Amino acid sequence: MRKTVGYISFSTLMFSLMEIALKMAGGAFDPIQLNLIRFAVGGLVLLPIALNSLKKQQRKLNWKDLRLFGITGFICVIISMTLYQLAIVYSPAATVAVLFSCNPVFALIFSYLILHERLGRANLISVVVSVIGLLVIVNPAHLTNVVGLTLGVTSALTFGLYSIISRYGSQKRDLNGIVMTCFTFLTGTVELLAIVLLTHVSAIGRSMGQVSYLKQFVNIPVFENISWQYLPLLFFIGVCVTGGGFAFYFLAMETSDVSTASLVFFIKPALAPVLAALILSEQITLPTIIGIVIILMGSVITFIGNRSKSIRSEMGQPVYPEKEDQTDSNDLIGKVESFNSSVEDEDQK
């Protein structure tokens with residue numbers, strides 16, 4: 001139990017510092033470049049653990065696995081995390097942290113739409129409560145940062161989609177979470193590097209330069225500003241936050257269960273804004289505080305629901321007892337009607 005608490009504490013701290021560290025590095029590095037560096041380093045940090053896991057499974061990767069990593073890498077690293085990195089540029093770190101912490105809500109919705117998984121009562125309530133919290137923070141009636149908020153919400157939404165595809169793929173291909181995450185990071189890094197190199201092609205660069213919102217993506221740097229001066233910050237972002245944060249999250253999952261490990265994402269919405277205020281001197285507005293409290297309420301509901309579902313599953317009880325009870329009642333009614341029918345037949349005879 002002590003190990004689990006340690007793993008969750010470290011992972012929570014690293015994930016809560018993520019937006020702050022990326023905000024601090026944003027002045028020295030291009031957002032896409034920083035995205036490329038951190039997932040390359042994070043994937044390499046996870047690689048020994050992932051290879052050891054594959055060795056224990058006596059499992060070798062094949063082309064179907066690589067195709068899956070290509071899909072998850074594209075959605076996670078190129079789409080979701082690029083939007084996330086750009087959101088940090090245009091919005092306060094605390095706001096992005098809270099918005100991104102809502103990705104489990106979007107994952108629940110995608111699990112229903114794509115995997116046709118039944119949403120329990122607790123999950124439905126959590127979705128509604130979390131959406132209300134998002135609306136309070138975004139405040140559609142008085143939008144002042146449309147670009148930043150749109151990028152943050154879209155990043156959380158696409159990360160929720162990645163989570164469901166990753167889970168479905170790992171179940172189909174028999175790959176655990178740390179293997180999926182490691183090779184998603186590495187494959188996504190290779191894909192992102194290919195795109196970055198394309199921006200250096202003169203013909204492509206000229207075409208992008210003619211579009212106002214694409215000018216900033218011409219000639220994206222790869223190694224620029226990587227020096228001894230910024231090495232400690234890059235080490236913290238790549239090794240501690242990205243690699244270490246995910247590694248300890250999966251270690252917590254191995255020593256406990258998914259619902260316990262998910263406390264990481266439930267604590268982050270409360271801790272990240274406090275750290276952003278202390279380190280970056282960011283102001284936390286009253287609507288943001290109210291929204292955080294509402295989202296935390298939704299997180300608590302999700303945790304209680306997942307914990308209850310996990311306990312019932314371990315005890316061999318039905319995951320959705322209300323559905324099971326209804327089935328049992330129908331069976332009982334059917335048996336009673338069948339008995340009455342047989343008695344009536346005997347009386348007629």
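How many helices and how many strands does the secondary structure of the chain come to? In this predicted model, the count is 14 helices and zero strands.

**View 1. The whole chain, read as a succession of helices.** Along the sequence the pattern is α-α-α-α-α-α-α-α-α-α-α-α-α-α, with no strand in the secondary structure. Of the contacts in the chain with a separation of 6 or more, 84% are accounted for by residues 24 or more positions apart. Among the 349 residues of the chain, 46% count as buried, while the accessible surface comes to about 18,200 Å², of which 66% belongs to carbon and sulfur atoms.

**View 2. The largest nonpolar core, with Tyr 84 and its contacts.** This core holds 80 residues, and the members that touch the most other members are Tyr 84, Val 179 and Phe 183. The element that gives the most to this core is helix α3 (residues 63-90), with 12 residues. When neighbours within four places in sequence are left aside, Tyr 84 is in contact with Met 18, Glu 19, Leu 22, Arg 38, Val 96, Phe 100, Ser 155 and Lys 268. As a general background to such a view, nonpolar side chains in soluble globular proteins tend to be buried together.

**View 3. Ser 11 in helix α1.** Helix α1, in which Ser 11 is found, covers residues 2-25. Ser 11 counts as buried because its relative accessible area is 0%, and buried means under 20%. Not counting residues up to four places away in sequence, Ser 11 touches Gly 245, Phe 248, Tyr 249 and Val 264.

**View 4. A nonpolar surface patch that includes Ile 290.** The patch, of about 520 Å², is made by Ile 284, Leu 286, Ile 289, Ile 290, Val 293 and Met 297. Ile 290 has its place in helix α13, which runs over residues 286-314. Is Ile 290 buried or exposed, or does it count as partly exposed? Its relative accessibility is 40%, so Ile 290 counts as partly exposed, given that this class lies between the 20% limit for buried and the 50% limit for exposed.

**View 5. Residues 319-337, a stretch with pLDDT below 50.** For the chain, the mean pLDDT is 80, and 83% of the residues reach 70 or more. Over residues 319-337, by contrast, the pLDDT is below 50, and beyond near neighbours in sequence this stretch has 11 contacts in the model.

Key: Residues numbered from 1 in each chain as written. Heavy atoms only, no water. Patch = residues over 30% accessible without salt bridge, like charges linked within 9 Å, V, L, I, M, F, W, Y side chains within 5 Å. Areas by Shrake-Rupley, 256 points an atom, 1.4 Å probe, with all protein chains shown as cover. Salt bridge = Lys/Arg side-chain N within 4 Å of Asp/Glu carboxyl O. Helix = DSSP H or I, 4+ residues; strand = E, 2+ residues; numbered from the N terminus. Buried < 20%, exposed > 50% of the residue type's maximum accessible area, 1.4 Å probe, protein only. Contact = heavy atoms within 4.5 Å. Core = buried A, V, L, I, M, F, W, Y, C linked by side-chain atoms within 4.5 Å. pLDDT = per-residue confidence, 0-100.
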